[in-house]
Amino acid sequence: MGNSEDLVIVNALMRQALVAVEEVMGKNGLNAVLRMSSLGQYIDNLPPDDLNPSVKSSDYARLNEAIESFYGRGGRGMLRRIGKASFQYAVREQSALLGLAGVALKLLPRKQQMRFILNSMANALKKTNRQVHVEVEEADNTFVYVARTCSVCYGRQSDKPICHLYVGSIGEAVRWATGQPYQVQETHCIAKGDPYCRFEVIETDA
Ligand SMILES: [Zn+2]
């Protein structure tokens, strides 16, 4: 099934990404990539922070593509930073949606912290759209986040995984929940022809 249907996503998710793009690239950078991706309607006019499903996945994917081509070889790192900033925005402004309000994570063992935050991300996405298929798997000491629908690479093709924004968000989520740095690797990507985008969370020695 994969990314066959152009899913709609909620305003809050697009807003989160655009605020993060502006934080990382500045206002001129944001406006440039909005023009490049034919999303000029958002210039000085961000979508509201609500759960109306008014944005197409293909728009979200085009934004990602524009940022990648804007920066060339540096695009991957920029998109990771934007992913990180979008998770931080979600913690600041959308903690109810993420299910973080009033949760005391600090006292939990690390494995439970990771399970909690990854499931929170997956559930928030599913809550906003019943067509979204994402799940969290655990094997030994590795957590795996599997997205069978993905708005980052929707409709795109590549010989390498390209969901760098997702990698940045997942990495920041586990860092936020555990206080530890983790490396996140996208091992499979729908844009490459895989049936899903699959992200492995790997503990680093840092
Ligand atoms: Zn992907």
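The four donor atoms around the zinc ion subtend angles of 97 to 119 degrees, and because of these angles the arrangement is tetrahedral. The structure that holds this site is a predicted model, and the values below, all of them computed, concern the zinc site, the aromatic pairs, one cavity and two pockets. Tyrosine 166 recurs in this account, since Tyr145, Tyr166 and Phe199 form one aromatic cluster, while Tyr166 is also among the residues nearest the centre of the largest cavity.

**Zinc site**

- The ion is coordinated by the SG atoms of Cys163, Cys189 and Cys197 together with an OE atom of Glu186, at 2.1 to 2.4 Å.
- Four donors count as tetrahedral if all angles lie between 85 and 135 degrees, and the 97 to 119 degrees found here therefore give a tetrahedral arrangement.
- Along the chain, the donors of the zinc ion follow the spacing C-x22-E-x2-C-x7-C.
- Cysteine 163 lies in the loop between β4 (142-147) and α6 (164-178), whereas glutamate 186 lies in strand β5 (residues 182-188), so this pair ties together parts that are 23 residues apart in sequence.
- Cysteine 163 has a relative accessible area of 0% and is buried; glutamate 186, with a relative accessible area of 9%, is buried as well.

**Aromatic pairs**

- A search of the whole structure finds five aromatic pairs, and two of them are described here, one edge-to-face and one tilted.
- In the edge-to-face pair, the ring centres of phenylalanine 87 and tryptophan 176 are 6.1 Å apart and the planes stand at 65 degrees; planes over 60 degrees apart count as edge-to-face, which explains why the pair is classed in this way.
- Phenylalanine 87 belongs to helix α3 (residues 75-93) and tryptophan 176 to helix α6, so the contact ties together parts that are 89 residues apart in sequence.
- The two partners are unlike in exposure, for phenylalanine 87 is buried at a relative accessible area of 4%, whereas tryptophan 176 counts as partly exposed at 35% relative accessibility.
- Tyrosine 166 and phenylalanine 199 form a tilted aromatic pair, at 4.9 Å centre to centre and with 45 degrees between the planes.
- Tyrosine 166 is in helix α6 and phenylalanine 199 in strand β6 (residues 197-203), so this pair ties together parts that are 33 residues apart in sequence, and both residues are buried.
- As a separate reference distance, tryptophan 176 and asparagine 28 are 148 residues apart in sequence and 29 Å apart in space, C-alpha to C-alpha.

**Largest cavity**

- A search of the whole structure finds one cavity of 30 Å³ or more, and about 430 Å³ of space lies in the largest cavity.
- The lining of the largest cavity consists of 26 residues, of which Leu13, Gln16, Met121, Leu125 and Tyr166 lie nearest its centre.
- The elements that give two or more residues to this lining are α1 (11-36), α3, α4 (95-98), α5 (110-128) and α6, and α5 gives the most, with four residues.
- By residue class, the lining of the largest cavity divides into 19 nonpolar, seven polar and no charged residues.

**Pockets**

- The largest pocket holds about 280 Å³ of space, and of the 14 residues that line the largest pocket, Arg76, Lys160, Pro161, Ile162 and His164 are the closest to its centre.
- At least two residues of the lining of the largest pocket come from each of α3, α6 and β5, and β5 gives the most, with three residues.
- The lining of the largest pocket divides into four nonpolar, four polar and six charged residues.
- About 180 Å³ of space lies in the second largest pocket, whose lining includes Arg80, Arg81, Lys84, Glu172 and Arg175, as well as Pro181, Tyr182, Gln183 and Val184.
- For the second largest pocket, α3, α6 and β5 each supply at least two lining residues, and the largest share, five residues, comes from α6.
- The residues that line the second largest pocket divide into four nonpolar, three polar and five charged.

Terms used: Residues numbered from 1 in each chain as written. Predicted model: local features only at pLDDT ≥ 70, side-chain atom pairs only at ≥ 80, totals over all residues. Heavy atoms only, no water. Donors = N, O, S within 2.8 Å, 3.2 Å for Na, K, Ca; no water. Tetrahedral: all angles 85-135°; square planar, octahedral: opposite > 155°, others 65-115°. Buried < 20%, exposed > 50% of the residue type's maximum accessible area, 1.4 Å probe, protein only. Phe/Tyr/Trp six-rings, centres within 6.5 Å; stacked < 30°, edge-to-face > 60°. 1 Å grid on protein atoms, 1.4 Å probe; cavity = no way out; pocket = protein on both sides within 12 Å on 5 of 7 lines; lining within 4 Å. Points joined across faces, edges and corners; volume = space filled by probe spheres on them. Nonpolar A, V, L, I, M, F, W, Y, C, P; charged D, E, K, R; others polar.
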